[in-house]
Amino acid sequence: MANLVNLESVSKSYGVRPLLDEVSLGVGEGQRIGVVGLNGGGKTTLLEVLAGITEPDSGRVSRVRDLRMGVVTQRTDLPEGSTVGDVVLAGFEAEHEWASDARVRSIVDGLGIAAIGLDTATANLSGGERRRVALAATLVGELDLLVLDEPTNHLDVEGVRWLADHLLARRSALVVVTHDRWFLDTVCGRTWEVTGGRVEQYEGGYADWVYARAERARLAQAAEEKRQNLARKELAWLQRGAKARTSKPRYRIEAAEALIADVPPPRDTVELMSFAKRRLGKTVLELEDVSLSVGDRVLLDHVTWRIGPGDRIGLVGVNGSGKTTLLKLLAGEREPETGRRIEGKTVHLAHLKQELDDLPADLRVLQAVERVAARVQLGKHELSASQLAEKLGFPPKRQWTPVGDLSGGERRRLQLVRLLMAEPNVLLLDEPTNDLDIDTLQQLEDLLDGWPGTLIVVSHDRYLTERVCDTVVALFGDVGITDLPGGIDEYLQRRQSIASARPAAEPAGRPATGERAEAASSGTAEAPKLSNAEWRAITKELGKLERKLDTLAEKESTLHAELAEAATEPDRLVELTARLKELQAEKDELEQKWLEASEAVE
């Protein structure tokens with residue numbers, strides 16, 4: 001099998017820090033390679049050198065002649081003055097050319113491009129929409145090699161599965177950076193780990209990489225123990241004098257037995273539930289005959305849901321289905337319109353929101369954690385503030401960084417550390433995996449896996465949901481909460497059934513109305529009362545409203561971050577708070593318009 005791209009002794013540094021050091025590797029025809037490593041460790045740099053975006057400091061990059069390569073980085077630069085259709089369908093002169101191509105239609109529908117609107121100006125797109133447009137434009141082409149940097153960002157569970165199926169069906173070679181471990185395991189047959197300037201290569205996907213890395217660590221530890229033992233013997237010999245006896249120490253490696261012996265025991269659900277009952281009692285959180293709406297849109301209609309001690313629940317649904325709103329209701333931050341929310345007397349609840357809470361910008365990381373508590377008991381393990389911070393991505397040196405100097409991802413990790421230090425017995429987590437690399441994700445899952453309390457998780461990370469949760473429930477837009485004994489697989493099957501149950505009168509090429517509209521209308525399968533022209537006009541309006549809402553959500557997130565940074569500046573706080581109120585009022589008005597438009601589509 002010939003290599004499409006070869007790297008020979010390639011080095012690349014930024015400042016004094018070498019990200020790639022004498023790296024040699026190749027990408028063969030049809031290979032699908034996943035790239036993993038710590039944030040800032042050089043993954044993106046490797047992709048950019050491979051794709052020719054960045055030149056190496058030394059070494060050589062060679063590519064086969066006439067290589068057809070598509071590249072999607074996190075820099076989503078789209079042509080000025082272009083529309084979505086101009087970018088995605090640039091290789092087609094007429095609409096019937098791409099409309100008659102099932103593969104292209106699948107890409108347009110699978111990535112939600114039809115919902116965005118082909119006539120939409122790219123200048124009006126949100127960051128997530130720009131990423132999807134750039135990805136679709138690349139996938140449409142007939143290529144030998146795809147180079148993708150975090151393609152699963154801004155995709156929900158269904159979108160990630162569609163992308164995995166699409167890439168598996170292609171013959172193109174693939175090099176992809178992603179933190180989505182289910183995606184890595186499903187798509188990739190080889191894994192590159194970028195670490196310390198080197199690129200370690202492994203056969204297989206995520207699971208195979210985990211096993212291989214564990215074995216490598218075990219062998220390294222055995223070698224270090226052997227070296228220290230020999231050093232001790234050498235010192236003893238020097239102390240005894242010249243009577244040295246040389247002998248070769250026998251060392252036998254039994255890899256399989258050693259790995260099996262070191263595997264931690266599976267989560268003892270019975271023990272954890274028993275411990276949770278002692279901490280929580282019988283009543284934890286209950287919704288009794290509850291109704292809840294956003295504007296004129298009903299999310300829950302006279303729903304009763306009881307969450308018991310030790311329950312570990314994954315909550316899934318398309319974007320806009322109401323998952324975050326339901327978590328706020330459970331946290332007591334929203335009041336139901338009918339019925340009541342019941343909270344147990346011993347409940348100590350913690351809610352990790354997608355927005356950044358105010359953090360003490362005048363403190364250093366460790367001080368901000370120790371302000372909550374100096375030590376924490378998580379299950380059977382007692383950890384200091386420093387140990388927990390290190391587990392969630394703050395090495396000892398980084399713990400003395402001022403909070404005001406942290407990046408957005410680091411602020412979110414600090415928010416999670418402080419939340420866990422408070423020793424809650426009920427955890428509500430809204431997208432806890434945002435901005436976490438694989439190593440930090442593993443540490444978080446390890447903490448949650450043995451955590452004795454009630455846990456409700458909203459996450460697009462399928463791997464995390466399946467590992468730390470025992471049950472899965474879904475919001476399908478039918479004003480109820482649906483229990484899914486079959487987990488996420490059952491959720492995806494039901495979503496597919498809903499999609500295939502659309503009215504027969506609907507034209508085959510008619511696009512979905514976007515994630516929000518799909519969530520609002522997925523509970524019914526009645527024939528539309530609108531003409532096709534009216535339907536298209538309202539769908540286009542929905543797309544515009546969704547883009548504006550996404551843009552406002554990004555601005556709101558930025559303002560929350562600025563508010564956290566301005567904790568010690570009263571004048572700036574007043575100004576930012578006023579801007580935030582104006583933005584939220586504008587957002588409420590747009591949401592009301594969107595609800596009215598989505599009802600017309602129904």
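Start at the second largest cavity of this predicted model, where about 40 Å³ of space lies. To see its walls, select Val72, Arg131, Arg132, Leu135, Glu150, Pro151, Asn153 and Leu155, which line this cavity. Now colour helix 6, residues 127-140: with three residues, this helix gives the most to the lining of the second largest cavity. If you colour the lining by class, you will find four nonpolar, one polar and three charged residues.

**On to the largest cavity**

Next, move to the largest cavity, with a volume of about 70 Å³. Select Asp156, Val157, Glu158, Leu315, Val316, Gly317, Lys323, Glu431, Val458, Ser459, His460 and Tyr491 to show its lining. Two elements each give two or more residues to this lining: helix 7 (157-169) and strand 12 (312-316). Colouring by class here shows five nonpolar, three polar and four charged residues.

Where does the largest cavity lie with respect to domain 1 and domain 2? Give domain 1 (3-210) one colour and domain 2 (269-493) another. The largest cavity lies between the two domains, because both of them give residues to its lining.

Before you leave the cavities, here is the tally: the count comes to four cavities of 30 Å³ or more.

**Along the sheet**

Strand 12, which you have just met in the lining of the largest cavity, also leads to the next stop. Switch to a cartoon view and look for an open sheet of six strands, in the order 14-17-18-12-19-20. The pairing in this sheet is mixed. Which strands are at the edges? They are strand 14 (349-352) and strand 20 (482-484), each of which pairs on one side only. As you look across the sheet, note that neighbouring strands are turned by 20° against each other on average, direction ignored.

Zoom in on the edge at strand 14. Strand 14 and strand 17 (residues 426-430) run parallel and are joined by four bridges. For one position to click on, select Leu349, which stands opposite Val426 in strand 17.

**Last stop: a helix across the strands**

Keep strand 14 and strand 17 on screen and add helix 15, residues 408-421. Helix 15 lies across both strands. What angle does helix 15 make with strand 14? Helix 15 runs at about 175° to strand 14.

Key. Residues are numbered from 1 along each chain as its sequence is written. This is a predicted model: local features need pLDDT of at least 70, side-chain atom pairs count only at pLDDT 80 or more; totals for chains, interfaces and linings use all residues. Side-chain values use heavy atoms; hydrogens and water are left out. On a 1 Å grid over the protein atoms alone, a cavity is a set of points where a 1.4 Å probe fits but cannot get out, and a pocket is an open set with protein on both sides within 12 Å along at least five of seven lines; lining residues have an atom within 4 Å of a point. Grid points are joined across faces, edges and corners, and a volume is the space filled by probe spheres set on the points. Ala, Val, Leu, Ile, Met, Phe, Trp, Tyr, Cys and Pro count as nonpolar, Asp, Glu, Lys and Arg as charged, and the others, Gly among them, as polar. Domain bounds come from an automatic or database domain assignment. Two strands pair if DSSP finds at least two bridges between them. Axes are lines fitted to C-alpha atoms, for helices over the stretch in contact, and angles run from 0 to 180 degrees between N-to-C directions. Contact means heavy atoms within 4.5 Å.
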